[in-house]
Amino acid sequence: MPDAAVAARSSETTNSGATQQVDVAVVGAGFAGLYLLHKLRKAGFSAVVLEDAGDVGGTWYWNRYPGARCDIQTMDYSYTFDPELDREWTWSEKYATQPEILRYFGFVADRYDLRRDIRFNTRVKAAKWDDTSDRWQIVTDNGADVSCRYYIMATGCLSTPKPPEIDGVKDFKGEIYFTGRWPHDGVNLAGKRVAVIGTGSSGIQSIPLIAEQAAHLTVFQRTASFALPAHNGPAPDDRKTYFEADRAAYREQARWSLAGVPYPQEMAVSWQLSDAERRERFEKAWAAGDLVHILTQLWADQAADFDSNALIGKLIHEKIRAVVKDPETAAALSPQDHPFGSKRPCLDTNYYATYNRPNVTLVNLRQEPIKAITASGIVTDKRSVDLDVIVFATGFDAMTGAIMAVHPITGRAGKSLSSVWAQGPQTYLGLTVAGFPNLFMITGPGSPSVLSNMAVSIEQHVDWVVDRLAALRDAGFTTMEATETAQAGWARHMADCSMLTLHRLANTWYTGANVPGKVQTLMPYNSGVGPYRGICNEVVSRGMLGFKLTGPDVAEQCNDGEVVRLQPDVRLVLGMLAEMNLPQIESLGAQGARDFLTEFNKGRPAGRPVGEVGSGALQGAEGPLPYRLYRPATPGPHPIVVYFHGGGWVLGDELSDDPFCRDLCRRSGMIVVSVGYRHAPEHRFPAAAEDGYAATRWIAEHAAELGGRPGPVLVAGWSAGANIATVTCQLARDRGGPQIAGQLLVCPVTDCRFDRPSYADNAVGYFLTRALMFWFWDIYCSPADRTDPRASPLRGNLAGLPPAFVATCEFDPLRDEGIEYAEALAAAGVPVEQLQARGHIHSSLVMVDVVITGVGGRAKMAEALRGFAGLPRKLEESADISPISVNAAAG
Ligand SMILES: Cc1cc2nc3c(=O)[nH]c(=O)nc-3n(C[C@H](O)[C@H](O)[C@H](O)COP(=O)(O)OP(=O)(O)OC[C@H]3O[C@@H](n4cnc5c(N)ncnc54)[C@H](O)[C@@H]3O)c2cc1C
């Protein structure tokens, strides 16, 4: 529709001069704003949309540069709220062009008659909350201001182009264009000397087409991006067949997926695959031309583990070298400074091949920074390039730019959003901000937004917000405001999540690093659209947790609290376990429980390789016991850690904590000998304790035979195994050896009392239950024996024990007795280091390669063991416990 016609229509909906009164003001008429308007109307709200542009489309209205396309397959990048709409529109290509996407938005606007409530060419300049009327006052630059109960910013994550940071732009006498503000009637570049500054997605899409037109194209690159061929054409058959088979199921799967496109969770980790298998997967992904495929389907640890991710980088570098003929240019185009996926990879058509054209030059700004733009072109440290046209493909002030451009946004007590966000964006769920009642942001910072198929994220936000507004209205509430507690909790959760992936390691627009002076923090929520949706739903099901609701005729409601207190991956694991509807272990009987555990363990990732794994028999208290030995790949002899597995003295064996033993061995660089001690009910107390002691003595005596370092050994254990480890220390002290240099106790059982708060707080829901602990104790030890220090070491003499590292987990029934034991050791003069792992459960720290946020804790444990053994610190030396892992806080 021509702009003039739009303006004529929009004037019908405004009261020029007077303030326009509506229930809801929406800013932005892009993907989000259009759906909002439709949904608000359906819910019975009066609404106006204020839009700077001359028509609908948002991103697709502004970004008209050559080659502009979506990079999520258009089949997925569509509205799904109305199945009829979904059927009425068919995309012509796998990745539609900007004109086709813009036509789609026009079609949607017409279909639902949306334009009559949109005021185009109207920029929102400021917004102010009025405490007396409980309404927002919105100031516009065109026509009436707006008074509304609810103010929804659908202003877009990538809608504020970043201004150039180069001196002299104004002096340039030629033409200047921004990809994000491309002229509607196109640009004739034929025969011209053109520069493109920037090689992000817009640059990579436009460069091949600009090169075809221009006399000469000079590309100025600061940061090389990873790009893969889009292989555009018709939608691929496999995806289309999947989609057509059951559209509703396909869409629903997308809503609960990681990135908003239905792909399964990849399970195989990189080191389980051979080089050939990895290459095969990579080639398949390269041929698929699908960002979500290559970002999620190569191997399970690709986004989390630095080394596994580096394998992908190398394979892509190979691809670049195979296409780009000049080795220096190929090297410059090969990203070296960020892990694959930590910056949005791009989809391209002939991008790398374009650099083989004689009329294209790449200037690597890392080697020759731009000094200035002059009247005639661009001057770098090494050359001067004469130009007719400069194209800035320099990206956006992402996620917060458009929100902060409305200035001021004044909330309660005259506070402006810019002051509240001075240290980075603070939100609850990426949707709301404490102190700013009835303000909502669609795909705001703190929500999955740009790390997802935005179509899915936008629909989820719109549905959530409008459904809440309708529920509020029906209950008589007129305001809804996030609490400070909820917001602080979300910030903590965001920080926890940021440790899961490698995004935080790259300077990108995801972190705000592309805008000088912007506070750097990972802005999008990186734990997936499905988990995020689950959290938003949980806020509602828990009585609008973290929100204060008020209304003139109803009592205030404030159900304060944090929605996620678990570590994000622990939450996922518990969710998966809940879905599996597992039996209560204590209901299975001892043998049934053992069989169940064996089966259950088959589903977990295999532990990582170590130098050598062996097994044998050692002498226990009353006969031989099996053991498993893990030897590091480094030359020995190594100190020996005697390890006792968990399982409540009833379950498990020398193999059952295999991944954890491997991890300890790799990180500490020591031999780990896992002991198959005897179990109850066949062998009740004190069999396990006595076996622990006997095994430790035997291992110490046979250290050299085992290839270990003679002298003191170390002991370690998890849960009941930690109980055996520390009991062994007490017995070794009292029985004249062996010498033990240190003890690592992970979530130890230390006492037979069940009345500590952690037993009540964490009785159910966190894997180890109170009922299961009762059962373990009953099977292992009669009540009369339980106060014996060999069962309850907290009751023993703690003086003179070896130094200890005690790890406890917040959501564990055993938490308090572990902490109490650490404190009692310290009081008895034993050097103790404690790790109180926030947001973790009893099994978190031993779930290697499943609970990634446990990595930091595991690294600290290994570090402690090395300290006990008198070995130098090692963390910085090892690739797999590089700062990424070390920082993955468990404390
Ligand atoms: C080139 C490009 C390609 C992309 N491809 C994909 C893709 O393939 N898949 C994907 O998921 N995402 C993609 N994105 C991200 C894209 O931005 C979103 O998918 C989606 O279009 C965002 O919709 P939105 O309505 O939230 O915001 P936008 O489309 O950005 O719309 C926001 C609107 O708000 C208006 N506005 C902002 N501030 C004000 C104000 N103060 N007053 C009045 N109006 C205002 C703007 O003019 C704009 O029209 C792409 C982005 C770009 C730039």
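Let's start with helix H27, in what is a predicted model. Twelve of its 14 residues are buried, so H27 is largely enclosed by the rest of the structure. Buried here means under 20% relative accessible area. Which residues are they? The buried ones include Val-855, Gly-856 and Gly-857 at one end of the list, and Leu-865, Arg-866 and Phe-868 at the other. Charged side chains are on that list too: Arg-858 and Glu-863 are buried.

Now the geometry. H27 runs over residues 855–868. From first C-alpha to last, H27 reaches 20 Å, close to the 20 Å expected at 1.5 Å a residue. After H27 comes Gly-870. The phi of Gly-870 is positive, near 75°.

On to the ligand. There are 33 residues around the ligand. Which come nearest? Glu-51, Thr-59, Asp-71, Tyr-77 and Met-454.

Take Glu-51 again. One of its polar side-chain atoms lies 2.7 Å from an oxygen atom of the ligand. Ile-72 uses its backbone instead: an N or O atom there lies 3.0 Å from a ligand oxygen atom. Val-124 also has a backbone N or O atom in play, 2.9 Å from a nitrogen atom of the ligand.

How much of the ligand is covered? On its own, the ligand has 970 Å² of accessible area, and the protein covers 96% of that.

Which elements build the shell? Helices H2 (31–42), H3 (59–62) and H16 (454–475) each give two or more residues. H3 gives the most, with three.

Last, the make-up of that shell. By class, the ligand is surrounded by 17 nonpolar, eleven polar and five charged residues.

Notes:
Residues are numbered from 1 along each chain as its sequence is written. This is a predicted model: local features need pLDDT of at least 70, side-chain atom pairs count only at pLDDT 80 or more; totals for chains, interfaces and linings use all residues. Side-chain values use heavy atoms; hydrogens and water are left out. Helices (H or I, at least four residues) and strands (E, at least two) are DSSP runs, numbered from the N terminus. The expected span of a helix is 1.5 Å times one less than its number of residues. Buried means under 20% relative accessible area, exposed over 50%, partly exposed in between (1.4 Å probe, protein chains only). A residue is near a molecule or strand if one of its heavy atoms lies within 4 Å of it. A polar contact is a pair of N or O atoms within 3.5 Å; within protein, one must be able to donate a hydrogen and the other to accept it, and residues adjacent in sequence count only if both atoms are side-chain atoms. Accessible areas come from the Shrake-Rupley method with a 1.4 Å probe; for residues, only the protein chains shown count as cover. Ala, Val, Leu, Ile, Met, Phe, Trp, Tyr, Cys and Pro count as nonpolar, Asp, Glu, Lys and Arg as charged, and the others, Gly among them, as polar.
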